[in-house]
Amino acid sequence: MPEGDTVWRAARELNAALAGRTLTRCDIRVPKFATVDFTGETVQNVVARGKHLLIRVGGDDGWTIHSHLKMEGLWHIYAKGAKWRRPAFKARCILETPDAAAVGFELGFLKVLPRSGEEEAVGYLGPDLLGPDWDPEEALRRLSSQPDRPIGLALLDQRNLAGIGNVYRCELCFLAGAHPLTPVAEVKNLPRMVTLAKKLLEANKARSTRATTGNLRGDTLWVYGREHRGCLRCGTRVTLEQLGDNELELRDLYYCPYCQPASTLAAE
Ligand SMILES: [Zn+2]
């Protein structure tokens with residue numbers, strides 16, 4: 001599952017390869033949009049909105065190729081004629097310019113919208129941690145609007161703030177010393193958590209190694225994926241459970257039961 005920083009980087013690379021270029025090939029391999037062909041059109045730009053990618057084609061009244069990586073998706077950019085590093089049958093979108101090809105593999109979804117439909121498609125998202133509209137006050141307001149919701153779910157809900165995936169939700173709970181089931185209203189320093197989310201995504205957005213520990217070479221994460229190695233801070237066995245709800249699909253949740261005690265939960 002992608003995090004906002006991965007999508008931000010993909011947008012930046014796609015923008016560098018496509019913006020201002022005229023498409024010499026456009027092959028969309030999604031049944032509903034298979035007849036869409038933007039060959040001859042110019043790509044205006046490519047932007048990330050939370051974990052969504054918007055490839056804008058034509059002028060301001062043009063079209064947007066809206067995609068989401070979901071679990072397995074990724075975009076590759078190849079020099080013209082270079083061999084793909086993934087099997088062709090997994091390609092969902094192929095955009096070629098005179099000198100490069102951008103190929104989206106196994107995209108979680110792909111739609112083509114009129115540009116005017118962007119707001120409807122992604123307007124529900126909360127403030128984008130890596131976007132030009134980042135607004136920590138608004139993110140806090142949205143998070144706090146459901147005070148009883150577990151923080152481990154509220155952070156993943158893209159309507160609150162956009163860009164946090166499963167890795168950051170686990171790591172942010174750890175860094176706040178908060179059990180993931182702690183109700184939002186009982187998280188000790190929610191503003192600090194929001195500030196930290198921004199700081200971590202900013203720090204990681206331009207690099208290929210994602211670290212929340214400040215260590216890029218060794219142990220990059222405190223609890224995520226450490227169910228067999230223990231908490232990086234105290235060595236306690238990391239708990240691995242599934243956490244989601246009716247609105248968010250179940251995802252692997254990692255936390256340290258010692259560093260993130262369920263104090264208020266246990267008292268109930
Ligand atoms: Zn610990």
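The donor residues of the zinc ion follow the sequence spacing C-x2-C-x21-C-x2-C. They are Cys231, Cys234, Cys256 and Cys259, each binding through SG at 2.2 to 2.3 Å from the zinc ion; donors are N, O and S atoms within 2.8 Å of the metal (3.2 Å for Na, K and Ca), and water is not among the atoms, so sites may look incomplete. The arrangement is tetrahedral because the four donor atoms subtend angles of 101 to 114 degrees, four donors counting as tetrahedral if all angles lie between 85 and 135 degrees.

The model is predicted: local features need pLDDT of at least 70 and side-chain atom pairs pLDDT 80 or more, while totals for chains, interfaces and linings use all residues. Residues are numbered from 1 along each chain as its sequence is written, and side-chain values use heavy atoms, without hydrogens and water.

The domain assignment gives domain 1 (4-122) and domain 2 (136-255), with bounds from an automatic or database assignment. Their C-alpha centres lie 29 Å apart. Eight residues from domain 1 and 13 residues from domain 2 take part in the contact, meaning heavy atoms within 4.5 Å.

Between the two domains about 870 Å² is buried, 49% of it from carbon and sulfur atoms; this is the accessible area (1.4 Å probe) that two parts lose on being put together, summed over both. Asp5, Arg9 and Lys51 supply 53% of the area that domain 1 buries against domain 2.

One salt bridge crosses the interface, where a side-chain nitrogen of Lys or Arg must lie within 4 Å of a carboxyl oxygen of Asp or Glu. Aspartate 5 pairs with arginine 210 in a salt bridge, with the closest N and O atoms 2.8 Å apart.

Terms used. Tetrahedral: all angles 85-135°; square planar, octahedral: opposite > 155°, others 65-115°.
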